[in-house]
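Open the model in your viewer and keep the sequence panel beside it. We will go from stop to stop, selecting a few residues each time.

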Amino acid sequence: MNARTPIPFALIIIALALSIAATAAAGQGASTEAIDAYVASCVATYRIPGLSFALVEGGKTVFVKGYGEASRGKAATADTRYIIGSTSKMFTALAVLRLVEEGKVELDVPYKRYVPEFKLAGPGEAEKISVRHLLNMTSGLTDRGLAPLSAGKSSPEAELVRLRAGVLAAEPGSLYHYYTVNYRLLALLVERVSGRGIAEYVGSEVFAPLGMSSSGVGLSDSGSPSGAIPREAVAQGHGVFLGLPIARSQEIRVSAFASGMMVSTARDIGKFLEAEIAVREGGRPLGAVSARSLSASWSAPAGVRFSPSESLGEGVGYAMGWMAIGDGSGGLRLFHGGALENYQSAFFLDPERRIGFAILMNQGGISAQASINALRNGLLALLEGRDPGSLPGRPTVAVFAAILLASLAYWAFRILRLGAWRKKAARRATERGRPAARDLVATCLEFAVAAGFVFGLVPLGNAIMGDYTDWTMISGLAPDALCALPVILAGAVVVTALKAISLARIGNLVFAAP
């Protein structure tokens, strides 16, 4: 479910920007022992099934370790494979930049030059979108211009067919909007220009030069053709239900391989972060990708506006697979998170200080994202020599539990009060010679309000937020958010049925009276 990050992406980045701003007075970073203890405490506190972590300092991986279990009875290690979610985008961006340096792709020409069948509903709109626009998430494509949501289950070519009904929400290059489909389109570009599948190309041209031998593009149920990783070789995924991990199988989404379903390990991501630092300093461990291209992938476009739901804060912008965050003094910090139903990842890089880290875990969803955000912010504090403070709770767990309990309490109260309601309804019916209209209307209205809330929640949220969500996405990312809805609907059905039966009996008694 990686069309959008579950918690509004802007809120995550703003929180990170504030955390980074607080590091202006840099101190001596914590020891690896302190960092190890902190990560272990987070895993225990938040009941994270399995997590792997890599720390880069001085441009080299100095610490890499696994915590918890990759699957039942199997410990997580530095080499445990996880699906990394939207952090996949930085590797797709590197694949495009390799083609740019080889002279096969130009960033500022229409994407349609490389994928001619790309069309939108508006005349000439497809021709306005450049390769750079897709990389920077400024293409003008959003959920508002094209619904329903595509989770990437079908082929990349099917995305092109779906997009023919789409319209631009803004002029390309003018508006930032985090929209995963941009990177699915880039995967098609890589395939058309290179003549190879995205999994094969990224595997041989990005992962192999870095020595990322355990990484791959996508998940496979049988074997690993073209660079996909067999499902059984990946850590068991988990969701969260009221704070407790629940083991679940991750759905394979073919057209989302390049945008949110790459597979890697903490050790491999450590190598990637090392390479990014080395290239910036004049090395070429990324092969054809030079320091100039790397600089482009770290630079957010200037003069781009943000919609209210996408405002990222001062000095924050989307580069090419990285969020670029200014520290107020000319320095740059880079971050990106990845979120699926059953997996999470977070990468951080400070090129000036030559440090970075990667967190990969086999638990996804909104509550799990709160856990990884808390861990990330605590690690940033430790690396700056600051006290990370106590671990915050997961507010979504408390909120969802409170809603569930409130729903149960409300309908239990309504059922317990049915006896008193029957007496009043019978008295009013006797006075009028028939069941009172107010009792009929109130009964129908209570049911209509409950049913309207349950079935109208998602459409109303989509209309307000301007993005597209469906029940499948919500049940995957926040199953505990839905647990109250069956209670609300069932309570309304039970109470309405009991009231209807009571009114019918009252009516029979009134009409039968002499």
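Two strands count as paired if DSSP finds at least two bridges between them. Please keep in mind that this is a predicted model.

**Stop 1: a pair of hairpins**

Select residues 50-57, strand β1, together with residues 60-71, strand β2. These two strands pair in the antiparallel sense, and eight bridges link them. Strands of a sheet pair through backbone hydrogen bonds, either parallel or antiparallel. To see one match across the pair, highlight F53, which stands opposite K65 in β2. Now look at the turn: β1 and β2 form a hairpin with two residues between them. In that turn, G58 has a positive phi of about 65 degrees.

Follow β2 onward and add residues 74-75, strand β3. Here β2 and β3 pair in the antiparallel sense over two bridges, with S71 opposite K74 in β3. This hairpin has two residues between its strands, and G73 takes a positive phi near 85 degrees.

**Stop 2: helix α2**

Next, select residues 32-45, which make up helix α2. The helix has 14 residues and reaches 20 Å from its first C-alpha to its last, close to the 20 Å expected at 1.5 Å a residue. Colour I35, D36, Y38, V39, C42 and V43, the buried residues of α2. They cover an arc of only 165 degrees around the axis, so they lie on the same side of α2. An α-helix has 3.6 residues a turn, so residues three or four places apart point the same way.

What do the buried residues of α2 pack against? Show β1 and β2 from the previous stop, along with α11 (366-383): these are the elements they pack against. Then turn to the face of α2 that points away from the buried side, where you will find the exposed residues E33 and A44. Just after the helix, R47 takes a positive phi of about 55 degrees.

**Stop 3: two cysteines**

Stay with C42 for a moment and add C444 to the selection. Is each one buried or exposed? C42 counts as buried because its relative accessibility is 0%, under the 20% cut-off. C444 counts as exposed because its relative accessibility is 52%, over the 50% cut-off. A disulfide is a covalent bond between the sulfur atoms of two cysteines. The count of disulfides in this model comes to zero.

**Stop 4: a three-stranded sheet**

Now pick out β4 (82-83) and β6 (216-217), then add β11 (residues 262-264). Together they form an open sheet in the order β4-β11-β6, with antiparallel pairing. β4 and β6 stand at the edges with a single partner strand each, so one side of each has no neighbour in the sheet. Two bridges join β6 to β11; for one match between them, find G216, whose bridge partner in β11 is V263.

**Stop 5: two charged residues in loops**

Select D108, in the loop between α3 (89-101) and α4 (131-135). D108 counts as exposed, at 55% relative accessibility. Leaving aside residues up to four places away in sequence, D108 touches S130 and R132. D108 and R132 are 24 residues apart along the chain, yet their C-alpha atoms are separated by 5.9 Å. Their side chains are joined by a polar contact of 2.7 Å.

Finish at R253, in the loop between β10 (244-247) and α8 (257-260). R253 is buried, with a relative accessible area of 0%. Show the side chain of E251 too: the side chain of R253 makes a polar contact with it, at 3.1 Å.

Notes. Residues numbered from 1 in each chain as written. Predicted model: local features only at pLDDT ≥ 70, side-chain atom pairs only at ≥ 80, totals over all residues. Heavy atoms only, no water. Helix = DSSP H or I, 4+ residues; strand = E, 2+ residues; numbered from the N terminus. Buried < 20%, exposed > 50% of the residue type's maximum accessible area, 1.4 Å probe, protein only. Polar contact = N/O pair within 3.5 Å; in protein donor to acceptor, adjacent residues only side chain to side chain. Contact = heavy atoms within 4.5 Å. Disulfide = S-S within 2.5 Å. Expected span 1.5 Å × (residues − 1). Arc of directions from axis to C-beta.
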